[in-house]
Amino acid sequence: MDLETFAWLLTDAGRELIAVAEAGDLSDAAQLSEISRLRRLASPIQAAAAYETALLRRRALPKFPDAERMFFVREALEQASGITTARHRAKRYAQLDAGLIADLCCGIGGDTLALARVARVVAVDNDPLRLAIARANATALSCASQIEYLELDLETMAPPQADAIFFDPARRSAGRRVFELAKYQPPITLIDTWRQHTPAIGVKLAPGVADEDLVGFGAFELEFISVGYELKEAVLWLGALGQAGKRATVIDRHDATHTLFLPTGQAQPIVPLQEPGKVLYEPDSAVIRAGLVQMLAGQLGVAQIDREIAYLTSDQVIETPFARSWRVIEWMPFNLKRIQARLRELDAGSVTVKKRGSPLDTDLLARKLSGTGSHALVVALTFVLGKPAALICESMPITNWPLGHEVMST
């Protein structure tokens with residue numbers, strides 16, 4: 001889609017065609033027939049753009065509750081922050097009381113929208129189409145008055161003066177994800193220059209970022225964020241926006257925020273090792289990625305089942321937003337035939353297979369282990385005290401945490 005076509009989408013005729021597309025069949029199987037139908041009402045380019053907008057609005061709903069009023073392009077939507085994580089990050093800038101925030105590489109404006117709720121924002125990108133989409137989204141969501149837009153190549157020109165910066169470099173190249181920090185575009189090393197005049201900087205990173213990639217940034221906070229037990233992203237916080245250390249942030253299904261923080265230089269507790277007890281805990285992915293499994297175990301007063309494995313255990317249920325838990329029915333050294341026989345004895349129906357440290361294909365094994373019984377069970381393939389093992393478990397009720405509160409553990 002080009003700027004001219006996008007400008008047409010914003011007209012009454014364009015919005016009417018999008019509405020026609022949204023009322024149609026957006027399944028993959030119907031794509032050709034639906035676009036052909038739309039071509040009878042507009043040009044081929046306009047028809048394709050309207051169909052794509054309708055399709056991406058539907059796909060964007062998990063990230064943006066107001067997606068039906070917004071505009072997207074595919075790659076920018078894939079990289080865009082969802083509203084939950086964007087609002088979480090914006091709270092940092094609100095605490096900083098920044099008058100003006102520079103949102104660098106703003107894309108379609110996912111973070112711009114959240115930041116504009118706490119301060120004035122200058123949204124910067126080198127793609128005029130994405131800037132136009134960001135402007136349209138801000139208008140649709142009634143926060144355009146808080147935002148300026150600036151087309152700028154950050155590799156050749158300095159960012160605008162601001163009290164704080166949020167930087168979201170591209171982590172895709174030719175449609176493929178980029179995992180190495182050195183391959184982000186624009187180069188992340190640009191912040192070395194920016195922080196000389198704007199020390200307060202937040203940088204969105206892929207959650208797989210390696211510690212060694214960050215060695216040259218001095219004192220920083222590295223935060224890993226998960227939403228609904230799914231690891232979403234990492235954020236590098238510099239200057240007054242962060243504290244030196246690692247943080248795991250869990251945003252639960254009620255949008256309540258829970259954090260574990262370990263300051264740089266502070267040792268984690270030594271956690272006892274023991275065979276599985278009555279309860280198995282799987283720490284949230286943000287806790288695991290932040291390397292705070294031992295800290296969580298120490299706070300809960302539980303043990304590890306293996307020094308190299310993130311599973312924790314205890315003989316009583318301890319409620320925590322930082323881990324999922326299952327009741328352990330029994331555990332045994334790994335032996336597939338023995339596991340199958342025991343599952344039959346337990347009247348197993350659907351079996352979910354989880355693994356930590358095991359090379360086996362969980363989906364294939366789940367199909368092999370599932371039976372026709374009445375009990376839905378979980379089999380965790382892992383190591384116990386250095387030896388391959390299988391834990392047969394069953395689900396427990398989900399913890400009901402109060403709405404809208406924040407738990408800060410430091």
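The following legends describe an overview and several close-up views of a predicted model.

**Figure 1. Overview of the predicted chain, with its helices and strands.** The chain contains 13 helices and 19 strands, and its C-alpha atoms fill a box of roughly 65 × 55 × 40 Å when the box is taken along the principal axes. Of the 410 residues, 50% count as buried, while the chain exposes about 19200 Å², of which carbon and sulfur atoms supply 51%. Among contacts in the chain with a separation of 6 or more, 67% come from residues 24 or more positions apart.

**Figure 2. Helix H8, spanning residues 128-140, and the elements that cover its buried residues.** With 13 residues, helix H8 reaches 18 Å from its first C-alpha to its last, a value close to the 18 Å expected at 1.5 Å a residue. The buried residues of the helix are Leu129, Arg130, Leu131, Ala132, Ile133, Ala134, Ala136, Asn137 and Ala138. Their cover includes helices H1 (3-9), H5 (74-79) and H7 (110-115), together with strands E2 (120-125) and E3 (147-151).

**Figure 3. The two ends of helix H8, with aspartate 127 at the start and serine 142 just after the helix.** At the start of the helix, a side-chain oxygen of aspartate 127 reaches to within 2.9 Å of the backbone nitrogen of leucine 129, and leucine 129 is itself among the buried residues of H8. Just after the helix, serine 142 takes a positive phi of about 60°.

**Figure 4. Two aromatic pairs formed by phenylalanine side chains.** The count of aromatic pairs comes to 4. One of them joins phenylalanine 6 and phenylalanine 71 in an edge-to-face arrangement, with 5.3 Å centre to centre and 90° between the planes. Because phenylalanine 6 lies in helix H1 and phenylalanine 71 in the loop between helix H4 (44-60) and H5, this pair ties together parts that are 65 residues apart in sequence. Both phenylalanine 6 and phenylalanine 71 are buried. Another pair, between phenylalanine 64 and phenylalanine 72, is tilted, with 5.8 Å centre to centre and 40° between the planes; phenylalanine 64 and phenylalanine 72 are likewise buried.

**Figure 5. Glutamate 282 in strand E12 and its contacts.** Glutamate 282 belongs to strand E12, which covers residues 279-283, and it counts as buried because its relative accessibility is 6%, under the 20% limit. Its side chain makes a polar contact with the side chain of arginine 356, at 3.4 Å. When neighbours within four places in sequence are left aside, glutamate 282 is in contact with Tyr311, Phe322, Ala323, Arg324, Trp326, Lys354 and Arg356. Arginine 356 also lies over the face of tyrosine 311, at 5.9 Å from the ring centre, and arginine 324 lies over the face of tyrosine 229, at 4.8 Å from the ring centre.

**Figure 6. Isoleucine 201 in strand E7 and the residues that it touches.** Isoleucine 201 lies in strand E7, made up of residues 201-205, and at 0% relative accessibility it counts as buried. Not counting residues up to four places away in sequence, isoleucine 201 touches Tyr93, Ile165, Ile191, Trp194, Arg195, Leu236, Trp237, Leu238 and Leu241. The C-alpha atoms of isoleucine 201 and valine 287 are separated by 23 Å, the two residues being 86 residues apart along the chain.

Technical notes. Residues numbered from 1 in each chain as written. Predicted model: local features only at pLDDT ≥ 70, side-chain atom pairs only at ≥ 80, totals over all residues. Heavy atoms only, no water. Helix = DSSP H or I, 4+ residues; strand = E, 2+ residues; numbered from the N terminus. Expected span 1.5 Å × (residues − 1). Buried < 20%, exposed > 50% of the residue type's maximum accessible area, 1.4 Å probe, protein only. Contact = heavy atoms within 4.5 Å. Polar contact = N/O pair within 3.5 Å; in protein donor to acceptor, adjacent residues only side chain to side chain. Phe/Tyr/Trp six-rings, centres within 6.5 Å; stacked < 30°, edge-to-face > 60°. Lys NZ or Arg CZ within 6 Å of the ring centre and 35° of its normal. Areas by Shrake-Rupley, 256 points an atom, 1.4 Å probe, with all protein chains shown as cover.
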